[in-house]
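This report describes the fold of one protein chain, beginning with its strand pairing and ending with its overall dimensions. The sequence and the model are shown below.

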Amino acid sequence: MQLSPTPLNRLANSCLGAVPAVAGIAYAVQADRGVLRLAAGLAAIGFAVLAVRGYRLGVTCEHARMTVRGYLRTRVIDRERISDITDFPAVRWTDRTGRARWTPLVALRTSPGELPATRLHKERAVSRLRRWAQRGSG
């Protein structure tokens with residue numbers, strides 16, 4: 001099961017990296033020193049990676065594990081280690097050493113100014129995720 005935001009929301013998520021990447025490229029083109037060009041180029045590459053990761057935000061649920069893709073990190077969580085899906089939304093789980101962990105689901109987080117259809121889409125995705133997690137804890 002693949003849970004991700006709507007296509008329009010995915011594009012908005014990628015803007016967090018795309019807009020600064022374009023600005024970095026524009027600065028690199030007009031920079032007069034090599035060090036400044038290098039710094040702007042490296043920043044543009046970093047922001048481009050952030051843009052791609054922003055577009056790919058989401059949760060993939062397989063039979064025995066969940067993969068959570070965030071802006072900076074992708075985390076794989078075994079289904080039997082999940083204890084709760086919070087309203088934030090986030091996943092509460094325990095690692096192999098027994099330490100309690102918490103992983104936010106950035107792709108499914110709603111915000112006050114969001115369109116009602118987008119909010120409903122995300123709320124339904126969180127409900128599906130809760131049902132998936134509960135089936136594994138029985």
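Val59 has Val68 of strand S3 as its bridge partner. This pair belongs to a predicted model, in which strand S2, residues 58-61, and strand S3, residues 65-69, run antiparallel and are paired over four bridges. Thr60 is likewise matched across the two strands, its bridge partner in S3 being Thr67. The connection from S2 to S3 is a hairpin of three residues.

**The four-stranded sheet**

On the other side of this pairing, S3 meets strand S4, residues 74-78, again in the antiparallel sense and over five bridges. Thr67, already named as the partner of Thr60, stands opposite Val76 in S4. A hairpin with four residues leads from S3 to S4. Taken together, four strands make up an open sheet with the order S1-S2-S3-S4 and antiparallel pairing. Its edges are formed by strand S1, residues 2-3, and by S4, each of which pairs on one side only. In general, the strands of a sheet are held in register through backbone hydrogen bonds, in either a parallel or an antiparallel arrangement.

**Gly58 in strand S2**

Which residues does Gly58 touch, not counting residues up to four places away in sequence? The list comprises Leu3, Ser4, Thr67, Val68, Arg69 and Ala107. Among these, Leu3 lies within the residue range of strand S1, while Thr67, Val68 and Arg69 lie within that of S3. Gly58 itself is located in strand S2. Its relative accessible area is 3%, and the residue therefore counts as buried. A further spatial relation links Gly58 with Leu105: the two are 47 residues apart along the chain, yet their C-alpha atoms are separated by 7.5 Å.

**Strands S5, S6 and S7**

A second group of pairings involves strand S5 (82-85), strand S6 (90-94) and strand S7, residues 100-104. S5 and S6 are antiparallel and share three bridges, and the bridge partner of Ile82 in S6 is Trp93. S6 and S7 also run antiparallel, joined by five bridges. Trp93 takes part here as well, with Arg101 as its bridge partner in S7. Trp93 thus has a partner in each of two pairings, Ile82 and Arg101.

The hairpin between S5 and S6 contains four residues, whereas the one between S6 and S7 has five. In the turn of the latter, Gly98 adopts a positive phi of about 90 degrees.

The paired strands that are joined by hairpins are listed here.

| Strand pair | Bridges | Residues in the hairpin |
|---|---|---|
| S2 and S3 | four | three |
| S3 and S4 | five | four |
| S5 and S6 | three | four |
| S6 and S7 | five | five |

**The loop between S5 and S6**

The loop that connects S5 to S6 holds Thr86 and Pro89. The peptide bond joining Phe88 and Pro89 is cis, with omega about 5 degrees. Is Thr86 buried or exposed? Residues under 20% relative accessible area count as buried, and Thr86 is buried because its relative accessibility is 9%. Leaving aside neighbours within four places in sequence, Thr86 is in contact with Arg92, Trp102 and Arg130. Of these contacts, Arg92 falls in the residue range of S6 and Trp102 in that of S7.

**The chain as a whole**

The protein contains three helices and seven strands. Read from the N terminus, its elements follow the order β-α-α-β-β-β-β-β-β-α. Among contacts with a separation of 6 or more, 43% are between residues 24 or more positions apart.

The radius of gyration is 18 Å, against a value near 14 Å for a compact globule of 138 residues. Along the principal axes, the C-alpha trace spans about 65 × 40 × 25 Å. Of the 138 residues, 36% count as buried. The accessible surface amounts to about 8600 Å², and carbon and sulfur atoms contribute 59% of this area.

The protein carries 23 positive and 9 negative charges, and the mean positions of the two sets are 3 Å apart.

Terms used: Residues are numbered from 1 along each chain as its sequence is written. This is a predicted model: local features need pLDDT of at least 70, side-chain atom pairs count only at pLDDT 80 or more; totals for chains, interfaces and linings use all residues. Side-chain values use heavy atoms; hydrogens and water are left out. Two strands pair if DSSP finds at least two bridges between them. The radius of gyration is taken over C-alpha atoms; the globule rule is 2.2 Å times the number of residues to the power 0.38. Buried means under 20% relative accessible area, exposed over 50%, partly exposed in between (1.4 Å probe, protein chains only). Contact means heavy atoms within 4.5 Å. Accessible areas come from the Shrake-Rupley method with a 1.4 Å probe; for residues, only the protein chains shown count as cover. Lys and Arg count as positive and Asp and Glu as negative; His and the chain ends are not counted. The place of a charge is taken as NZ of Lys, CZ of Arg, CG of Asp or CD of Glu.
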